[in-house]
Every structure is written in structure tokens, then in C-alpha cells.
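Student: I have a model open here and would like to talk through its overall build. Could you take me through it?

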Amino acid sequence: MDSFRDLGRMLMILGVAIALIGACIFFGGKLPFRLGRLPGDIVHKGEHTVYFPIMTSVLLSIGLSFLFWIISRFRR
């Protein structure tokens with residue numbers, strides 16, 4: 001019976017995560033910042049445009065690390 005409880009808990013966490021991602025995408029244009037165009041992202045416009053989203057990568061890394069940390073806390 002514990003395996004069904006663990007599966008239910010994981011599905012609820014996954015559902016909340018998907019809902020949060022969907023809300024971020026839906027309301028993304030109304031936020032005061034845009035992922036991919038944050039201060040600290042490198043854009044070099046020359047003959048060939050070079051774009052590297054450093055700050056966006058850092059924020060996504062922190063967010064995903066926090067999400068996986070929370071998931072690991074519930075799996076114990």
C-alpha cells in the first residue's frame with residue numbers, strides 16, 4: 001500500500017510543477033522580466049549574432065536544483 005501512496009504523492013508534486021510551469025509560460029509576457037533577456041545575458045551583434053543567456057541559465061539551474069531537492073525530501 002505504501003507504493004501507491006508514494007506514487008500518488010509523486011503525481012501530485014508533478015502536477016503542481018506542471019501547473020507552475022504552465023502559469024509561468026501563460027503569464028510570461030506580463031512579468032517585469034523576460035527569461036532569455038535578463039541583465040547578464042551576453043548578446044554580441046556583429047557579422048554573426050552571438051547570444052549566450054548566462055543569467056537565464058543560472059536562474060533555471062537554481063530553480064531546477066530547488067525543485068529536485070524538494071522532490072528528494074518527499075521520497076524519503
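Tutor: We can go through the fold, the spread of the chain, its burial and its charges, bearing in mind that this is a predicted model.

Student: Okay, which elements are there, and how do they run from the N terminus on?

Tutor: The protein has two helices and two strands, and from the N terminus on these elements follow the order α-β-β-α. The protein is more spread out than a compact globule, because its radius of gyration is 18 Å, well over the 11 Å that the globule rule gives for 76 residues.

Student: And what does the C-alpha trace span along its principal axes?

Tutor: About 60 × 25 × 20 Å for the C-alpha trace of the protein.

Student: What about helix 1, how many residues does it have?

Tutor: Helix 1 covers residues 2–26, which is 25 residues, and from its first C-alpha to its last it reaches 36 Å, close to the 36 Å expected at 1.5 Å a residue.

Student: How many of those 25 residues are buried?

Tutor: The number buried in helix 1 is two of the 25, so this helix lies largely in the open. For the protein, buried residues make up 11% of the 76, where buried means under 20% relative accessible area.

Student: Switching to the surface, how much area does the protein expose?

Tutor: The protein exposes about 6800 Å², and carbon and sulfur atoms supply 71% of that area.

Student: Last one, how far apart are the mean positions of the positive and negative charges?

Tutor: They are 8 Å apart, taken over 9 positive and 4 negative charges of the protein.

Definitions and conventions. Residues numbered from 1 in each chain as written. Predicted model: local features only at pLDDT ≥ 70, side-chain atom pairs only at ≥ 80, totals over all residues. Heavy atoms only, no water. Helix = DSSP H or I, 4+ residues; strand = E, 2+ residues; numbered from the N terminus. Rg over C-alpha atoms; globule rule 2.2 N^0.38 Å. Buried < 20%, exposed > 50% of the residue type's maximum accessible area, 1.4 Å probe, protein only. Areas by Shrake-Rupley, 256 points an atom, 1.4 Å probe, with all protein chains shown as cover. Lys, Arg positive; Asp, Glu negative; His and termini not counted. Charge placed at Lys NZ, Arg CZ, Asp CG, Glu CD. Expected span 1.5 Å × (residues − 1).
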